[in-house]
Amino acid sequence: MKTTKQKSILFLKILIVFFIVIITSLYFLRDTILNEAIANLKSKMELDYNSNFTVKKANFEGFTDLSLTEITLTPRNADTLFSIQKLRTSINIWKLLTGEIQLGTLEVQNGFVQLVKKGNVKNFAAFLKKDNQESIKSSKKDYAEIAYRIISKVLNLVPTDMKVENLVFKLDDNAKRATIKIDKLILQNKNLETSLHIKTNSFSQRWKIKGYADPRGKRADIRFFNLDTGAIKVPYLDERYNLISSFDSIRLKIENINKSGNELHIDGFTSIANLKINHPRISRKDVIVKNARFDYRFLLGADFISIDSSSTVQLNKIKLHPYLAYETIEDTVYKLKIALPKTKAQDFITSLPDGLFTNFQGMEADGAFNYSLNFQYNINKPKELVFDSKLKKENLKITKYGTANLNKLNSEFIYRAIIKDVLQRPILVGTTNPNFTPLDQISPYLQKSVLTTEDPSFFNHRGFINEAFKQSIIKNIKTKKFARGASTISMQLVKNVFLTREKTLSRKLEEILLVYILENNRIASKERMLEIYFNVIEWGPNIYGIGEASRFYFDKNPSDLDLKECLFLARIIPSPKKFMYQFNDEGLLREFAVKQESFLTNIMTRRGLLSLEDTIYKQQTLNITGAAKSYLRLKVKDSTAIDSIPTFDEFSL
């Protein structure tokens, strides 16, 4: 009888023979299996994607090397998606036996990949459709597991050795064109080097990418350079989004991708030198960031995605720690935290990007400060929104102002509004101007009415109202657009006197910083700020200041205005040039205007700003007796203009 040892040896021999037979069969049948796989893929492209997939010749060279020639994919009634003359690759056979595809080497010669959109027809549209099974959203997603699986699959498709010659990527978005031609790309012994030729409708450049790439070790360190003179221009964005951008160099380093337990973390950094951006919604000038760096740690778990607070953003001399998270533990919650450690005020000022804070150029300051922001939004509990902004000062003092000299608020100055890039006539803000009206000569009714509509807590806040910001954020998130602001009189004053009416990110950021400096350094008293506000804001067509306004509408001095007249003037501040649409053809207030007036009166009465004796005005008729009366006679019925007049939901009540 055979011993156990002999049986084991016999079994092992049979197993070896079995594997040899399998491998031998696979070797001799490999081309047949390959052609069958290509036929199945061709059939899938036709049935699922209405596209024609062809390969002129496909065969194995050796056991793992695969060679394909003249490969094309063309959607029906659309431009070819890609065409490659020659492709040669090798596959890790052991990974293949476990169901994974991992490329070893890759050679590509002469080909193109193109995305084309003509009108509404896209040659890639069919491939954006999701499979029915994939479109069913799971009630619970493991973000770490999904991300790690996708990253692993992508990195497995990146070969360890690669040589690409004359491969072109084309983008044609209704004649907005960009091409990236890879003249030569070589990845060998984890060293990557490539030269690119970028061409658009407006420029042509040659780039170089060089660095270290280890797809199996999940690490990379890559840099982008310009082989020509000047900065690297970003293609396509200028024509598609009117965003002109360029940079001198970019470095991207991935130091580690690791899944430990239920968490996936990705560590590394990216840096950019001399980034320049120009877009009409950002700034009227080029925005230049000389040096920026982001040391990141992305953390993903079963029910969250986040940028960890150990990450650091550096902008010139400014360093801050961001925390950004999307959580689905119970409800869907968005979180944002920013921590700016103790920073010298002058370092902060000099680090502000050129072109984004032009009014701060030349400003000097002593002292230091630190800042923190805590924002949290639960989509199922929007009223519980958290918005906590704190700034702690240490001997902070402005020693020299820049272009915007806030001290001018305490003396006479010339004010000129800018409307649609056109300077308006000069207005002297001071007692030598006969139309200038000191605060104590402005009707108390008007002061109360304007404060109620524009900024009820003006005398109590420091330029900003946190609760107003919260409500503004909630409404803007719900409507998915900028539907409501949170502007205070302080912010309106700074915008009118020192800035422009342009709707840009630059203007808004400057407005916020200037208001903070104005209010928290007590540069001008609240009474002086309100006085200037009344004397510079627009009250009608080419009408500036309450002195001109009271005579234009009622042929009166501001001190003589009655309550009904004051309520009218307060209500037209958001759209002063459309005041005539408050009236019907008989010169009487329209129904919507009467309702606004009544609503405002009730608010003021409830707050104790009006007494019952004051409301006797309701029996009176509002009469336009000044030069504005001619606008009522010439008024043309226009329902669009009437509809565009703000409602009280948009006022800061």
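Accessible areas come from the Shrake-Rupley method with a 1.4 Å probe, and for residues only the protein chains shown count as cover. By that method the protein exposes about 36,100 Å², of which carbon and sulfur atoms supply 54%. The structure is a predicted model, in which local features need pLDDT of at least 70 and side-chain atom pairs count only at pLDDT 80 or more, while totals for chains, interfaces and linings use all residues. Residues are numbered from 1 along each chain as its sequence is written, and side-chain values use heavy atoms, with hydrogens and water left out.

The overall picture comes next. The secondary structure comes to 16 helices and 27 strands, where helices (H or I, at least four residues) and strands (E, at least two) are DSSP runs numbered from the N terminus. Of the 653 residues in the protein, 41% are buried; here buried means under 20% relative accessible area, exposed means over 50%, and partly exposed lies in between, with a 1.4 Å probe and protein chains only. Among the contacts in the protein with a separation of 6 or more, 57% are between residues 24 or more positions apart, a contact being heavy atoms within 4.5 Å.

A good place to begin looking is strand E18, which covers residues 318–327. Two strands are said to pair if DSSP finds at least two bridges between them. Strand E16 (residues 304–307) runs antiparallel to E18 and is joined to it by 4 bridges, with isoleucine 307 standing opposite leucine 324 in E18. Strand E17 (residues 312–315) is also antiparallel to E18, through 3 bridges, and in this pairing glutamine 314 stands opposite lysine 319. E17 and E18 form a hairpin with 2 residues between them, and asparagine 316 in the turn has a positive phi of about 55 degrees.

From E18 the reader can move on to strand E19 (residues 333–344), which runs antiparallel to E18 and is joined to it by 7 bridges. A hairpin of 5 residues leads from E18 to E19. Within this pairing, alanine 325 stands opposite lysine 335, and tyrosine 323 stands opposite lysine 337. E19 in turn pairs with strand E20 (residues 364–378) in the antiparallel sense, over 10 bridges, and there lysine 344 has alanine 368 of E20 as its bridge partner. In a regular strand the side chains alternate between the two faces of the sheet.

Helices can be followed in a similar way. Two packed helices are described by the angle between their axes and the distance between the axes. Helix H12 (residues 545–554) and helix H13 (residues 563–571) pack at an angle of about 115 degrees, with their axes 12 Å apart; the axes are lines fitted to C-alpha atoms, for helices over the stretch in contact, and angles run from 0 to 180 degrees between N-to-C directions. The crossing of H12 and H13 is right-handed, a description used when the near helix is turned clockwise from the far one by less than a right angle, whereas an anticlockwise turn makes a crossing left-handed. H12 contributes Ile546, Tyr553 and Phe554 to the contact, and H13 contributes Glu565, Phe568 and Leu569. These residues divide into 5 nonpolar, no polar and 1 charged, where Ala, Val, Leu, Ile, Met, Phe, Trp, Tyr, Cys and Pro count as nonpolar, Asp, Glu, Lys and Arg as charged, and the others, Gly among them, as polar.

Several single residues are also worth finding. Glutamate 597 lies in helix H14 (residues 591–606) and counts as buried because its relative accessibility is 6%. Its C-alpha atom is separated by 9.7 Å from that of alanine 570, although the two residues are 27 apart along the chain. Leucine 243 sits in the loop between helix H5 (237–241) and strand E12 (244–247), and with 22% relative accessibility it counts as partly exposed. The C-alpha atoms of leucine 243 and isoleucine 282, which are 39 residues apart along the chain, are separated by 9.5 Å. Leaving aside its neighbours within four places in sequence, leucine 243 is in contact with residues including Ile277, His279 and Ile282.

Two further residues concern the backbone. Asparagine 166, found in strand E6 (residues 161–173), has a positive phi of about 55 degrees although it is not a glycine, and at 30% relative accessibility it counts as partly exposed. Arginine 522, in the loop between helix H10 (505–520) and helix H11 (526–536), has a positive phi of about 50 degrees and is likewise not a glycine; its relative accessibility is 52%, so it counts as exposed.
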